[in-house]
Amino acid sequence: ELSVSPSTAALQLCSQGLAWRSALGLVDALRARELLQDVTYNAAIQACEKALAWRSAIGLVEEMQTCLCRLDAFAYRAAIGACAKASAWRDTLAGLDAVRLKGGTPNVFLHT
């Protein structure tokens, strides 16, 4: 049986091993059971960042927005980091604009 805490730990392991496709598969399984939370999204976005899978990272952020999950600095930083590391500069700038539109202020944390 899937639960949030062990699943989040598994997602974090996926990010360490660059197994972002496995992370996305786990997100799908959690979504089907309505167990997705902010922390599980963040771990999956981080896995995508480390593997330079910027399109998947952006997709997860967009999904978080539609399911009304709390988008925090960790989610934005990981998604923006994935875009930046993959030289997807337009998407990086769009991510920073999204932070501003949500009322946030991009800072050093988001730029690293």
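At 73% relative accessibility, E34 counts as exposed, and in this predicted model the residue is found in the loop between helix 2 and helix 3. The backbone at E34 is notable for its phi, which is near 55° and thus positive although the residue is not a glycine. In general, most residues other than glycine have a negative phi. A second case is provided by L52, whose phi is also positive, near 60°, in a residue other than glycine. L52 lies in the loop between helix 3 and helix 4, and with a relative accessible area of 40% it is partly exposed, because this value falls between the limits of 20% for buried and 50% for exposed residues.

The chain as a whole has seven helices and zero strands, so that reading along the sequence gives the pattern α-α-α-α-α-α-α. Of its 112 residues, 42% count as buried, while the chain exposes about 6300 Å², of which carbon and sulfur atoms supply 55%. Among contacts with a separation of 6 or more, 59% are accounted for by residues 24 or more positions apart in the sequence.

Helix 2, which precedes E34, allows a simple check of its geometry. Its 13 residues (residues 20–32), at 1.5 Å a residue, should span 18 Å, and the end C-alpha atoms are 18 Å apart, in agreement with that expectation. The buried residues of this helix are W20, A23, L26, V27 and L30. Seen down the axis of helix 2, these buried residues fall within an arc of 110°, and therefore they line one face of the helix. The general background is that an α-helix has 3.6 residues a turn, so residues three or four places apart point the same way. On the face of helix 2 turned away from the buried side, the exposed residues R21 and A32 are carried.

The largest nonpolar core contains 30 residues, and those that touch the most other members are L11, I45, L60 and M64. At least two residues of this core are supplied by each of helix 1 (4–16), helix 2, helix 3 (38–50), helix 4 (54–66) and helix 5 (73–85). The greatest contribution comes from helix 5, which gives seven residues to the core. The surroundings of M64 can be described in detail: leaving aside residues up to four places away in sequence, M64 touches D38, Y41, N42, I45, C69, R70, L71 and A75.

A further buried position is E49, which is found in helix 3. Its relative accessible area is 3%, and E49 is therefore counted as buried, since the limit is under 20%. When residues up to four places away in sequence are not counted, E49 touches R77, A78, G81, A82 and K85.

The confidence of the prediction varies along the chain. The mean pLDDT of the protein chain is 78, and 79% of its residues reach 70 or more. Among the elements, helix 3 has the highest mean pLDDT, at 89, whereas helix 7 (residues 108–111) has the lowest, at 44. Over residues 106–112 the pLDDT stays under 50, and for this stretch the model has 14 contacts beyond four places in sequence.

Note on methods: Residues numbered from 1 in each chain as written. Predicted model: local features only at pLDDT ≥ 70, side-chain atom pairs only at ≥ 80, totals over all residues. Heavy atoms only, no water. Helix = DSSP H or I, 4+ residues; strand = E, 2+ residues; numbered from the N terminus. Expected span 1.5 Å × (residues − 1). Buried < 20%, exposed > 50% of the residue type's maximum accessible area, 1.4 Å probe, protein only. Arc of directions from axis to C-beta. Core = buried A, V, L, I, M, F, W, Y, C linked by side-chain atoms within 4.5 Å. Contact = heavy atoms within 4.5 Å. Areas by Shrake-Rupley, 256 points an atom, 1.4 Å probe, with all protein chains shown as cover. pLDDT = per-residue confidence, 0-100.
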